[in-house]
Every structure is written in C-alpha cells, then in structure tokens.
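Work through these exercises with the model open beside you. Each task is followed by a stepwise solution.

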There are 2 protein chains.
Amino acid sequence: MGERRIIKTLEKQLDRMPNMPVEFGDDVSAYDLGNDQLAVLKTDMLVGATDVPKGMTLRQAARKAVVMNISDFAAKGVKPLALLTSLGLPRGLSKKDIEQIGEGLNAGARQYGTYIIGGDTGEASDLIISVLVFGMIQKSNIMLRSGARPGDIVAVTGPFGKTAAGLSILCKEKQKSRSKWRILVKSVLMPEARLRVGLALSKKRVVTASIDSSDGLAWSLHEIARASRVGFVVRKLPTAKEAREFAEENKLDPTELTLYGGEEYELVLAIKPRLWQEAKRAAARVNCTLIPIGRATAERQVVLNIEGRTSRISPKGYEHFKTS
Amino acid sequence: MGERRIIKTLEKQLDRMPNMPVEFGDDVSAYDLGNDQLAVLKTDMLVGATDVPKGMTLRQAARKAVVMNISDFAAKGVKPLALLTSLGLPRGLSKKDIEQIGEGLNAGARQYGTYIIGGDTGEASDLIISVLVFGMIQKSNIMLRSGARPGDIVAVTGPFGKTAAGLSILCKEKQKSRSKWRILVKSVLMPEARLRVGLALSKKRVVTASIDSSDGLAWSLHEIARASRVGFVVRKLPTAKEAREFAEENKLDPTELTLYGGEEYELVLAIKPRLWQEAKRAAARVNCTLIPIGRATAERQVVLNIEGRTSRISPKGYEHFKTS
C-alpha cells in the first residue's frame, strides 16, 4: 500500500469533527476557537532511513525536521508560536549525537522566531524526529489548498530543481562535485522555509490557494488542482540556474529536476489577477520575488505548455512506501 | 545513556522561551495566549518494540497511544479539544492492520470526547504512533507538578498494581491465567485515562500538585517531590485487590507491584487538608473515590511508613533505554 492509500484507509475509520475548519489532507490541521480564531497544528515525522540522505549530519537532520514543519505553516500563512518534539532514538547514540540533535532542533526553532517548549523521548530502532507546531491565525486569513479559481495566476516563491540535483550529488558521494555544486548540496542539507513571505501574503489576503512544494512542484500543482477543482496550464518552468547547469553537465532533463523533485520548500500559490501586483509588492517587501508560472483553468488537467507544445504534468511526487 | 539523561542533554541545547507557563518536564507543555488563557500541548510516542506487550492488538496499541496522551491532560485538568497523529509504519502492514490502527485511534479519541483532526504517515522500521493533543485552560486552573506543600494530603484516583501483574501475565503467555486474571490483563490492554476526575478537580482548584502515574507510583511521588521541593510519607499502600490476590498466588511482593509498576494511568494528587472534603465530593460526583495514601513533608524524602516501620521508596520507575 502506498502512503496515500494508507492515509485514505485510516481516514475512513475516523469520525469527523463537525465543522472542521481545515480539511483532512491540507498542510495543517486546525481547531475553531470561535471569534474568527483558529488554533493551528501540524505534526510531521522525519525518519532516519527515508528522510536523511547520506552526508547529512544529525544537527542538519534535526533542523530539517523543524524546517519541514515550519514550511507547512508558511504555506498556510500561519506564524508558529511554539514547537514540541517527540524523539525516537536508536540505542547507542553518544552524548555528542544527542547534543547535535538538540542544537539542530533549537537552530530551526530560533531561525523562525519560535522555541521548543517540550516534548518526549523514547527508544526506537530508527531515528525518529517528530515535530509539532502550534500557532494561531484569523480564520479569514488562512491560505488553504482549496480556493483556486480558473483564471488565477499560479506563482512560486523561488526556483526549483536544486534539491533533486543536490540529492543525486549526495547519493553519489563524490566529494569533488559536492564542493563544485555547493549551492545544490546546501539546498538539501540546509533547507529554508518560506515563512516571511507566507506570513506577508496571508496578512494581505491576496492568495486563493497555497501549498508547500515538499512533495515536488508537479505533485503540489495536482494537490491544489484536486482540492480547488481546477486545472493548471504551466507556461514557464521555474528551473534554478544551478540546476540547469548541473543537468547539462550530467545529461539530465532539467524539466524532470524541476517538476518531480521533492524536499523543496518553496510555496506554490494561486493569486487573483487583480491582486497580483499587490501580492508581488507584499512579497518584495520581504525580499521575495514571486515567479508567475501559469494559470488556473476550468479544465481539470495539469499541463505544461511551452512554445506551443502541450504535455501533461504527471501527478508524480515523492511518496513513502512506494519509492525506496 | 538513560532516557532522563538524554532529555537533560537535549534541554541544555534549547533556548528557553521567556515566561514559559509550564516547566520542561511537566506532563504537558503550554503557550501563554494572554487573558489568563493557556494553549496546552502534549505529544508522546508509542513505539512497537517497547510499548506494545505481547497479546496487544494493533487496535489496542493505537487506542493506548491516545489514552496515554489524554492521561497527561487529565493529570493537568485540561480538556482535550483535538488530536493529531503521526504514524511511522513498517512495510508490509495489511489493509486490515491499517484499519485496526485507525479504529483504535478513533475509539480513544471518541471515548474522551474529542476527534482526530489530522496528522501524518510515513515509513519506519518499527511501529511508531505519535499522538499530539491540543487543549485550552485558564492559567489559574492548570494542575502542575510543582505546587505541593508540607502537610498536603497525597491521594490517588484508584488502586495500583494491576498493570504490573497484567504485564507479567501477558509476558508469560499462559492462556489459562489470562482468562482467570481477566481484569489484570484488561488493565494493560485497555487502559483508561482519568479525564473526568482531572477536569472536575481542576475546575474546583483544590489540587496543589498532580501527575499521572504512567511511570509508576513511586516515580510519580518522586517527581512531585522534586518539582514541589517536598517529601512524602506514605502510610497506606493503595494495592488493588486483584493485584494482591495475584501476588499471593504467585509469591510476588504486592508492595513491588504497587509502587514500581508502570503504564498505570491513575492520578497522583496533593491536596490542601482544608480542601480535602471538597475535593472528595468533586471526585465523587464523577464516580471517583479519592484514596488518601499519606502526606507531604518538609523533609525531602519519600518514605513508606506502615505499622510504625519506615522504609525508603526508591525513585525507580519505568524508563526507556535502561530497561529492556
């Protein structure tokens, strides 16, 4: 069973909370406190064997566990107020190892203006770093996956393809290419969540749908399409310069790197055309350039249309259990 | 390294949130929202290899993962409003297995009046069920570990020893004794959180310190003693009738079963003598009989004093990593 079928099977067993403000399957969950206030919660688990590539230190792994959770808050435009961690630690970690994990957790929390206020530690056969984020937001400001409408501009907060390239470098363990392609490797080892721009955009209420791209650009587009019941035509691929150079040198397809990578923490956004300029300005104020890549369509397909040639973008993405 | 040293090592790496309303190491964590309101958070992880005894089904394991988290809310007197789960699942679980896990999670949530509103699933080599609980409480009502004063009555919400006995039965896998000692086995497989009495007591503000006894009665007393800077004299051991019978038949020490078991989810409370009657009545209204077992003392020792004989109660308890 793949991850998504497992999730469906689980959800079928669950009674649904009445008036749930955020659907199952969105980047975060929320509890309606009344008075237009939502308590927002997110938990995501980093697992050593599947989420920690070769060459990543324990400090980096712990920081990444925080960043990947903060990224979901960024996508919803919610400020993280506090973090908890739940750790499963293999036997035999040294004091130094534990310190590295603590350092990484703290570095991630502090970078995004928050703190770790508690948690739990137990023994597990694999390294497990589960992070929980808590925050509050006005109900009318949260950016869900479900609000995109035909005609909306699709934009991203940065270029894509670096992490897919970086991962392939780390997997091959060539020290030489690690130093040559430092920026690609860094995108994997030290990911950044787009929190400032997420918060700036939610405050302005200019976004109709938003998701983080941790499962890849293609998957993210399909997720917004599904939740919003629209399609997308992508007319410009936001390939990172370094990813393009790496692809050329290694005879890889830059389109593949751009669309089907993962562990990339940009935001994928839908924005009403009349609010586009305002959105761009709000993003620019926090040093982020929104990159328009296409439009939402009534036809429920996700396609690439470049120089008149149309091709389908597959709903492929990083999925546990099915990949290895 | 034992679990508690690991936690200390981790905490040393963490910047402390200013004005943290609940200390590291209490049963829950909290974020101060102002206006006397705390957002309360808890996450605890059930790990297949260490927390799921032989004979426990996946449905029971999943339910237990919820109950052990709700129990911490019970101890603090906080109503759980919503749950998230973060699952690490080994490859090869069947659809039926996943359904059982979903069922157990839902059963635990619904039994305590709440819902699972989201979560995350990934692959792990061992079964990991991490549950996160969210709730809100008036700051002045939360029952911490740290408020016990000399002279306070120590009380528990039920008898002890059943789970230690039940675990030993499950480990020996004797089907015959499983049916004879059904009530002991059930205490392990279908634990109950003392939520109703916890909520009733926090509303009345009659408790000076509280903890759940998931690490055993002895450990719980030592934890309150440490956090409150007091000691305890225990004059009456709250041994369950069935645990006493089981101990007799199997030549075990009932005191050991009572003090040093674990996975028991009663509350251990300190209560001002002048509020004792009110506390008893509040508990009785939700069908719970508070059992007084001793007093808090200025002398910082935890001792058993029965029929004039005094002995020390050791700070032993269930601890991951050190036990096996």
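Helices (H or I, at least four residues) and strands (E, at least two) are DSSP runs, numbered from the N terminus. This is a predicted model: local features need pLDDT of at least 70, side-chain atom pairs count only at pLDDT 80 or more, and totals for chains, interfaces and linings use all residues. Residues are numbered from 1 along each chain as its sequence is written, and chains are lettered from A and ligands numbered from 1 in the order in which they are written.

**Exercise 1. Place Asp36(B) and Lys251(A), and state whether each is buried or exposed.**

Step 1. Find the loops. Asp36(B) sits between strand 1 (29–34) and strand 2 (37–47) of chain B. Lys251(A) sits in the loop between helix 10 (241–249) and helix 11 (254–259) of chain A.

Step 2. Apply the cut-offs. A residue is buried if 20 or more other C-beta atoms lie within 10 Å of its own, exposed if 12 or fewer, and partly exposed in between; C-beta atoms are placed from the backbone. Asp36(B) has 11 C-beta neighbours inside 10 Å, so Asp36(B) is exposed. Lys251(A) has 6 other C-beta atoms within 10 Å, so Lys251(A) is exposed too.

Step 3. Check phi. Most residues other than glycine have a negative phi. Asp36(B) has a positive phi, near 60 degrees. Lys251(A) also has a positive phi, near 50 degrees.

**Exercise 2. Describe the surroundings of Val78(B) and Ser187(B).**

Step 1. Locate them. Val78(B) is in the loop between helix 3 (58–76) and strand 3 (79–89) of chain B. Ser187(B) belongs to helix 7 (residues 182–189) of chain B.

Step 2. Count neighbours. Val78(B) has 31 C-beta neighbours inside 10 Å and therefore counts as buried. Ser187(B) has 26 other C-beta atoms within 10 Å, so Ser187(B) is buried.

Step 3. List contacts. Two residues are in contact if their C-beta atoms, placed from the backbone, lie within 7 Å. Leave out residues up to four places away in sequence. Val78(B) then touches Val28(B), Val40(B), Phe73(B), Gly135(B), Ile137(B) and Ile142(B). Ser187(B) touches Lys162(B), Thr163(B) and Gly166(B).

Step 4. Compare sequence with space. Val78(B) and Gly135(B) are 57 residues apart along the chain, with 6.5 Å between their C-alpha atoms.

**Exercise 3. Which strands pair with strand 8 of chain A, and in what sense?**

Step 1. Recall the rule. Strands of a sheet pair through backbone hydrogen bonds, either parallel or antiparallel. Here two strands pair if DSSP finds at least two bridges between them.

Step 2. Take the partners in turn. Strand 8 and strand 10 (residues 291–297) of chain A run antiparallel, joined by four bridges. Gly231(A) has Thr297(A) as its bridge partner in strand 10 of chain A. Strand 8 and strand 11 (residues 302–306) of chain A run parallel, joined by three bridges. Val233(A) stands opposite Val303(A) in strand 11 of chain A.

Step 3. Sort the faces. In a regular strand the side chains alternate between the two faces of the sheet. Strand 8 (residues 231–234) of chain A has Phe232(A) and Val234(A) on its covered face, and Gly231(A) and Val233(A) on its uncovered face.

**Exercise 4. Give the strand order of the open sheet in chain B and find its edges.**

Step 1. Write the order. Seven strands run 7-9-6-10-8-11-12, with mixed pairing.

Step 2. Find the edges. Strand 7 (207–212) and strand 12 (309–312) of chain B each pair on one side only.

Step 3. Check one pair. Strand 8 (residues 231–234) and strand 10 (residues 291–297) of chain B pair in the antiparallel sense over four bridges. Val234(B) has Gly294(B) as its bridge partner in strand 10 of chain B.

**Exercise 5. Describe how chain A meets chain B.**

Step 1. Count the contact. Chain A gives 56 residues and chain B gives 56 residues.

Step 2. Find the contributors on chain A. Those supplying at least two residues each include helix 1 (3–12), strand 2 (37–47) and helix 4 (95–111).

Step 3. Relate the copies. A rotation of 180 degrees with 0.0 Å of shift along its axis superposes chain A on chain B (RMSD 0.0 Å); the fit is by least squares on the C-alpha atoms of residues with pLDDT of at least 70 in both. The two copies are thus related as by a two-fold rotation axis.

Step 4. Compare the surfaces. The copies meet through the same surface, because 100% of the interface residues of chain A are also interface residues in chain B.
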